[in-house]
Structures are given as C-alpha cells and as structure tokens.
Amino acid sequence: MSLLPIHLLGDPILREETVPVTEFTDELRTLVDDMFETMYAASGIGLAAPQVGRRERLAVVDVEGAKYALINPEITLAEGKAKAEEACLSFPDVYGTVERATRVIVKAQDVEGTPYEVDATDLLARCFQHEIDHLHGKLFIDYLSYLKRRAALAEWEELRKQYHGTVRYLKPGAPADDDAEPSVSEA
Ligand code: K2U
Ligand code: ZN
C-alpha cells in the first residue's frame, strides 16, 4: 500500500465533478486501500478521491471503526439538522461551523460493485455528507457566511505557505500531528 499526496485548496481538482465508477478492478481496490492508508496517516475519518488527485466517484470513511468504501454514493434520505465544527484534510487547520442533516441514508457500491445502503446518524452522517460533497466539487467553506468564508480563505492563504505547490506529502509511520485536527462534536 502507498501513501498518496493530498491535494490542497487551490488545486482545481477539488472543484470538479467526479466520474461514476463502472469498472470494479484490482486497480480500484488498490486505490481504495491506498486512500484508507492515506486517511489514517493524515488522522482523518474520511477522504475523497479528488483529495488524492483522482476523478473517480469514490470516498473512504472510518468513524469509530465503522469503515466504508463509498463508491458512486447517493444520499436517498436526509433529516434533522445540527451545527458542528468541521475541518478538511485539503486545507488543514482551517475550521468552520457547518449545519448538516443529523441522519442520512446513503446508497453506494462496495469495491466488488455490490450495492449497499447505510442508515447513519451524528458524526458518521456528517462525514458521509462532507465526503459526498467532495465528489461534487463542494467544500465545507461553501456553507459559511461571506465574511466567515473570506476569513477562512485569508487564513488558508497564510497557512498554505508551509506547503510546496498544491499537494501535501505525508510521512510514513506515525499519523499526522493531529493536535490541529478538531474533535468534531455536534454543537
Ligand atoms: O474529507 C476530509 O477532508 C476528511 C475530513 C472529514 C470530516 C470533516 C468534518 C467532519 C467529519 C468528517 C477529516 O476527517 S477532518 C479531520 C477530522 C478528524 C476527526 C474528526 C473529525 C474531523
Ligand atoms: Zn474535506
């Protein structure tokens, strides 16, 4: 398995629509495995293909051991609402409060192409919504007010100076320093 570079805010791929997966190949399985490894190394609980420079409509999630490869995911039901602080591996150390549904039902396919459905609540529901947004070029900052989004983008313009270009390379071994990663709790 390999660690993949994480593409950072400013890279156009994060704003592009993804392409539905139609071929369930060994290469796809390898990509899913590499995305899980990259997500863990970055101390994340989700990671979407555009964040590693790929256009497949797929994301990986692991929330408290609930582990999913979401291939061609669709939200078929969304109910309730709650605000919570979010962050994103594509622009680390930038935070914002986002209102999302507290329950979603997601229809997706697994790495074999077999359809499945998940009824998710709380943090798992939030993560699903965050990742599925990524697959359609949407980022959590898009939900912020104009002033809060402008402040977040200004903060990112400073923070991004520590990276070279629009990708972030992770070190093998210990997970990323997750002091900066928030513990998302429902507000
Ligand atoms: O897609 C990503 O950037 C991964 C996010 C997913 C996420 C963001 C907000 C709320 C839920 C999921 C990262 O996992 S952000 C880091 C993180 C770590 C633990 C808990 C929440 C967020
Ligand atoms: Zn994200």
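Two residues are in contact here when heavy atoms of theirs lie within 4.5 Å of each other. By that criterion, and leaving aside residues up to four places away in sequence, Leu-9 of this predicted model touches Leu-14, Ser-90, Phe-91, Leu-139, Ile-141, Leu-153, Trp-156 and Arg-160. Leu-9 is found in the loop between strand 1 (6–7) and helix 1 (26–41), and it counts as buried, since its relative accessible area of 12% falls under the 20% cut-off. The C-alpha atom of Leu-9 is separated by 9.2 Å from that of Gln-51, a residue 42 places away along the chain.

Gln-51 leads on to ligand 1, because it is listed with Ile-45, Gly-46, Leu-89 and Glu-131 as the residues that come nearest among the 16 around this ligand. An N or O atom in the side chain of Gln-51 is 3.1 Å from an oxygen atom of ligand 1, while a backbone N or O atom of Ile-45 lies 2.9 Å from an oxygen atom of the ligand, and a polar side-chain atom of His-130 lies 3.2 Å from one. The protein covers 95% of the 480 Å² of accessible area that ligand 1 has on its own. Helix 2 supplies the largest share of the surrounding shell, four residues, and by class the shell has seven nonpolar, six polar and three charged residues.

His-130 also serves the zinc ion (ligand 2), which is coordinated by Cys-88 (SG), His-130 (NE2) and His-134 (NE2) at 2.1 to 2.3 Å. Cys-88 lies in the loop between strand 5 (82–86) and strand 6 (96–100), and His-134 in helix 2 (residues 122–134), so this pair ties together parts that are 46 residues apart in sequence. Cys-88 is buried at 3% relative accessibility, and His-134 is buried at 1%.

Key. Residues numbered from 1 in each chain as written. Chains lettered and ligands numbered in written order. Predicted model: local features only at pLDDT ≥ 70, side-chain atom pairs only at ≥ 80, totals over all residues. Heavy atoms only, no water. Donors = N, O, S within 2.8 Å, 3.2 Å for Na, K, Ca; no water. Helix = DSSP H or I, 4+ residues; strand = E, 2+ residues; numbered from the N terminus. Buried < 20%, exposed > 50% of the residue type's maximum accessible area, 1.4 Å probe, protein only. Near = heavy atom within 4 Å. Polar contact = N/O pair within 3.5 Å; in protein donor to acceptor, adjacent residues only side chain to side chain. Areas by Shrake-Rupley, 256 points an atom, 1.4 Å probe, with all protein chains shown as cover. Nonpolar A, V, L, I, M, F, W, Y, C, P; charged D, E, K, R; others polar.
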